[in-house]
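Hi,

Here is the structure I said I would pass on. Have a look at it first, and then read my notes below.

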Amino acid sequence: MSDNTQYKDALIDFHKERLLSLSNPSLHCEGCKNPRQFISHQDKLIFTCGSQGNGKCGVQYEITIPQYNYVPLEYKRLSQCIRGEGYTDDIDDVSRYGLETTIQTYEFSKHFQDSVKEASEYRKQCESDRTKLVSQYQAHNNGESRIQKIHDVSRIRHTNATKRLKIQKQMKETDDPMQLSQLRKEYVDLFVNEREELFPKIQGLSGDVIDDYVVIKDGSVKRLNTTYTQTTKPKKKRKPRKKKPPATEES
Ligand SMILES: [Zn+2]
């Protein structure tokens, strides 16, 4: 996730103000009679004080939601583009064919040559987009440290399995009770080592939260007014005072 502080602050503020209005529906900005509104569109959140075009009233701010790419799908799309897979009805679309050498060897129309060059550029673009996607994904998910953890687990498992086989073989071959006792101790130590060193690493791996989305466009905020910061509650109409019953006795 990108470090977009302004967007995050505005998002928190939006929900905070929305909750305030939910628990206090009569809340409005100073000088307004209308209730505040919190409008959610698919890509935008709009906070308006409810009135329109009245001086500083109206839309207070607009939050544009970030755009995300779902990595597995995007990776597949780019890979298909690079490998030239898929089908299109467009006869001018030659992006799936590697014809760069062909147009240098034989003569083709200028139009066809241009299409091939364009397609070649497109495939190169897909390649660089895929590299960027992978590095973004790894940076976001601590890819390097996760890969290191997987290597560690695999190394410990392999070493322990080799040692175990070696000890088993030695135990079968020896008749010396002292050596047999020593080998049994080493064998048990291997299990202790797995419990103390290996299992926490495996648990650490399964505890990693993997996020398959990467941001392709950061969220943003457009602030138009700050009228909402001056919020008032409408005054309740006072009930007419009951007349005091005439005092009968002075105290
Ligand atoms: Zn207002």
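The protein has six helices and eight strands. Keep in mind that this is a predicted model. Starting at the N terminus, the elements come in the order α-β-β-β-β-β-α-α-α-α-α-β-β-β. Of its 251 residues, 10% count as buried. Among contacts with a separation of 6 or more, 64% are between residues 24 or more positions apart.

Now for helix 6, which covers residues 177-207. How far apart should its ends be? At 1.5 Å a residue, its 31 residues should span 45 Å, and the end C-alpha atoms are 44 Å apart, so the two agree. There is still a bend of about 35° in helix 6, at leucine 198, with proline 200 following within four residues. Helix 6 also lies largely in the open, because the number of buried residues among its 31 is one.

Then there's the hairpin made by strand 2 and strand 3, with three residues between them. Strand 2 (residues 37-40) and strand 3 (residues 44-48) run antiparallel and are joined by four bridges. One pairing to look up is phenylalanine 38, whose bridge partner in strand 3 is phenylalanine 47.

Phenylalanine 47 is worth a click for another reason too: it belongs to the largest nonpolar core, a set of six residues that also takes in Cys29, Cys32, Cys49, Cys57 and Tyr228. Beyond its neighbours within four places in sequence, phenylalanine 47 is in contact with Phe14, Glu17, Phe38, Gln60, Tyr61 and Tyr228. So Tyr228 turns up both in that core and among the contacts of phenylalanine 47.

Cheers

How values were computed. Residues numbered from 1 in each chain as written. Predicted model: local features only at pLDDT ≥ 70, side-chain atom pairs only at ≥ 80, totals over all residues. Helix = DSSP H or I, 4+ residues; strand = E, 2+ residues; numbered from the N terminus. Expected span 1.5 Å × (residues − 1). Bend = angle between axes of the 7 residues up to and from the residue. Buried ≥ 20, exposed ≤ 12 C-beta atoms within 10 Å, placed from the backbone. Core = buried A, V, L, I, M, F, W, Y, C linked by C-beta atoms within 7 Å. Contact = placed C-beta atoms within 7 Å. Pairing = 2+ DSSP bridges.
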